[in-house]
Structure formats: structure tokens, C-alpha cells
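Colleague: Please take me on a close look at one part of this model, and don't hurry. Which residues line the largest cavity?

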Amino acid sequence: MQTALEDLGYKTTHHMQKVFQNPGSECVMWKEALEAKYRNKGQRFTRKEWDQLLGHCQAVVDLPAAAFIPELYEAYPDAKVVVVQRDPDRWYESCSRTVMKFSSSSQLKILYFLDRWLVMRLAPFMGLLLTSLFGSQTEDPIKRRENWIKGYTDAYDEVRRIVPPEKRLEFSLDQGWEPLCKYLGHDVPKKPFPHVNDSASFDAGIKVFVKRMWIRAAKQNLPFIVGALGVTAAWWMYA
């Protein structure tokens, strides 16, 4: 969906990958929004805070924005709402290959160990987001699947309860450009409707993020590595 919106001219479309691309300020503000809504800690975001976080965007898709449907609709009552219909089971399988796989990966755990800044920013945000929407991240695969699908269907129920039918579009990706362009007021592009592989797209974004974090961690830990090598060399020479 992000690619389709960008093809229609919504060049700055917020997506979870934007958080990974800029984990500093993004994680802090999203965590504050989550704490206010789900933990009653701090003040809930108003139009002022949402403008600060998302004001540069022309559209939002996916998490974490999807966790704030009532708040965003209240802040931007004239926004057009597109409800992208997906099979819950297929959505869960996609999440298990992307978000769940990455959040529990050994690579991320090593980065957390090497980079305290990453621990203080990304880890609390991701943990709070997932537990707020999908409950306890149990190791029981059956229960975890139930929790995630319930969180997913609850979010759909919520948007349909809040946004009147005449102000939203119920849309399936296999419908192509026609209904989407009609609803948003755009001419139908000549190019085919994009069907981007969610897992492949997520993996590509994560690879860029991980590379940047490894470079950052290497720069931070280089003095310690050099110092340790120096001590080891001195011990070897004079032992």
C-alpha cells in the first residue's frame, strides 16, 4: 500500500520502516504516545504533537500509526481513510516472517549489547508497541497467534466503529487502481498496481538498518577494541 500511495504522489508516507531509518527521535515520541494511551503515563497527544511527529507526512500506513486510529482521526478529521482488507491468517504469517523474526533475532540482541543508545530507544518502543497491541509475547505459538490475530481484528473493528462508512474506503489490493484513485481523487496511473512482497520489502529495509547500526556500534566500541588488543599484545610480548 505504501508503494501505491507513493506512486500516486504521496511521496512522504510513514511506515514502520521510517522508524527503523530514524530510531532516535521517532522512537522517543512514539513511545511517549504509547505510554500516554496504553499506560496512562503523561499527556495524550493532541494535534500539536501529531504535527510534530507526522506533520511532514502526506499519508500513514501500517504500525505504529495504526495503533492510534481514534487519535489521528480526531486530529485530522478531514483525512481520507482507506481500510486495506487482508486475511488475518496471512497477515499473521507475514508478521511472523518479519517483525517477530527480527525482534527476537540474535543479530538484534548483539546490537543491543554493543549499543546502549539503541537499547534505550528501540527496545522499549518495540516492546511497548507489541505488548500494547498484542498482549503478552508468550512463547506458546498457539496463544501468540491468537493474541496477534485478536489485536489485528480489534483494530479493524475500531476503525469501522469510529469512521463512518461514507468517509472510508474498504479496499482490497487485488482491486487495483480504480477504486483507490476514485476515492482519493487521482487519475489512474498507466503503470500496473504494485504488489510488493511485504517480507522482501521489510527484509531489505532491515538490512539497511542493521548495517547502519553495526557501523555505529563499531565506531562506539572501537576504542575499547583497540585497547583490548593493545593489552593482549603487551601481555603476549612480555609474558
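Modeller: A cavity here is a set of grid points where a 1.4 Å probe fits but cannot get out, and a lining residue has an atom within 4 Å of one of those points. Bear in mind that this is a predicted model. The search of the whole structure turns up 1 cavity of 30 Å³ or more, and the largest cavity has a volume of about 40 Å³. Its lining is made by Ala-33, Ala-36, Lys-37, Arg-44, Phe-45, Trp-50, Phe-68 and Glu-71. Helix α3 supplies the largest share of that lining, with 3 residues.

Let's stay with Phe-68, one of the lining residues. Phe-68 counts as buried, because its relative accessibility is 2% and the cut-off for buried is under 20%. Leaving out residues up to four places away in sequence, Phe-68 touches Trp-30, Ala-33, Leu-34, Lys-37 and Trp-50. Ala-33, Lys-37 and Trp-50 turn up in the cavity lining too.

Now look at the rings. The whole structure holds 12 aromatic pairs. In one of them, the ring centres of Trp-30 and Phe-68 are 5.8 Å apart and the planes meet at 35°, so the pair is tilted. Trp-30 belongs to helix α3 (residues 23–38), while Phe-68 sits in the loop between β2 (59–60) and α5 (69–75), so this pair ties together parts that are 38 residues apart in sequence. Trp-30 is buried as well, at 0% relative accessible area.

How does this corner fit into the rest of the inside? Trp-30, Trp-50 and Phe-68 are among the residues with the most contacts inside the largest nonpolar core, a set of 41 residues. Met-16, Phe-125, Met-126 and Trp-148 are also on that list. Helix α9 (residues 116–134) contributes the most to this core, giving 7 residues. Another core, of 14 residues, lies apart from it, and its members include Leu-5, Ala-59, Val-61 and Tyr-183. In soluble globular proteins, nonpolar side chains tend to be buried together.

You can also come at Trp-30 from another side, through His-14, which is in strand β1 (residues 13–14). His-14 is buried, with 0% relative accessible area. Not counting residues up to four places away in sequence, His-14 touches Trp-30, and also Val-19, Glu-26, Leu-54, Cys-57, Ala-59, Val-60, Val-61 and Pro-64. Two of those neighbours, Ala-59 and Val-61, are members of the 14-residue core, whereas Trp-30 is listed for the 41-residue one.

A couple of other ring spots are worth clicking on. Trp-148, from the big-core list, joins Trp-91, Tyr-92, Phe-134, Tyr-152 and Tyr-156 in one aromatic cluster. Over at Tyr-183, Lys-80 lies over the face of the ring, 5.0 Å from its centre.

For the wider setting, the protein has 12 helices and 4 strands, and 40% of its 239 residues are buried. Of the contacts between residues at least 6 apart in sequence, 72% join residues at least 24 apart. The Trp-30 and Phe-68 pair, linking parts 38 residues apart, is one you can look at up close.

Methods:
Residues are numbered from 1 along each chain as its sequence is written. This is a predicted model: local features need pLDDT of at least 70, side-chain atom pairs count only at pLDDT 80 or more; totals for chains, interfaces and linings use all residues. Side-chain values use heavy atoms; hydrogens and water are left out. Rings of Phe, Tyr and Trp (its six-membered ring) pair if their centres lie within 6.5 Å; planes under 30 degrees apart count as stacked, over 60 as edge-to-face and the rest as tilted. Helices (H or I, at least four residues) and strands (E, at least two) are DSSP runs, numbered from the N terminus. Buried means under 20% relative accessible area, exposed over 50%, partly exposed in between (1.4 Å probe, protein chains only). A charge sits over a ring if NZ of Lys or CZ of Arg is within 6 Å of the ring centre and within 35 degrees of the ring normal. A nonpolar core is a set of buried Ala, Val, Leu, Ile, Met, Phe, Trp, Tyr and Cys residues joined through side-chain atoms within 4.5 Å. Contact means heavy atoms within 4.5 Å. On a 1 Å grid over the protein atoms alone, a cavity is a set of points where a 1.4 Å probe fits but cannot get out, and a pocket is an open set with protein on both sides within 12 Å along at least five of seven lines; lining residues have an atom within 4 Å of a point. Grid points are joined across faces, edges and corners, and a volume is the space filled by probe spheres set on the points.
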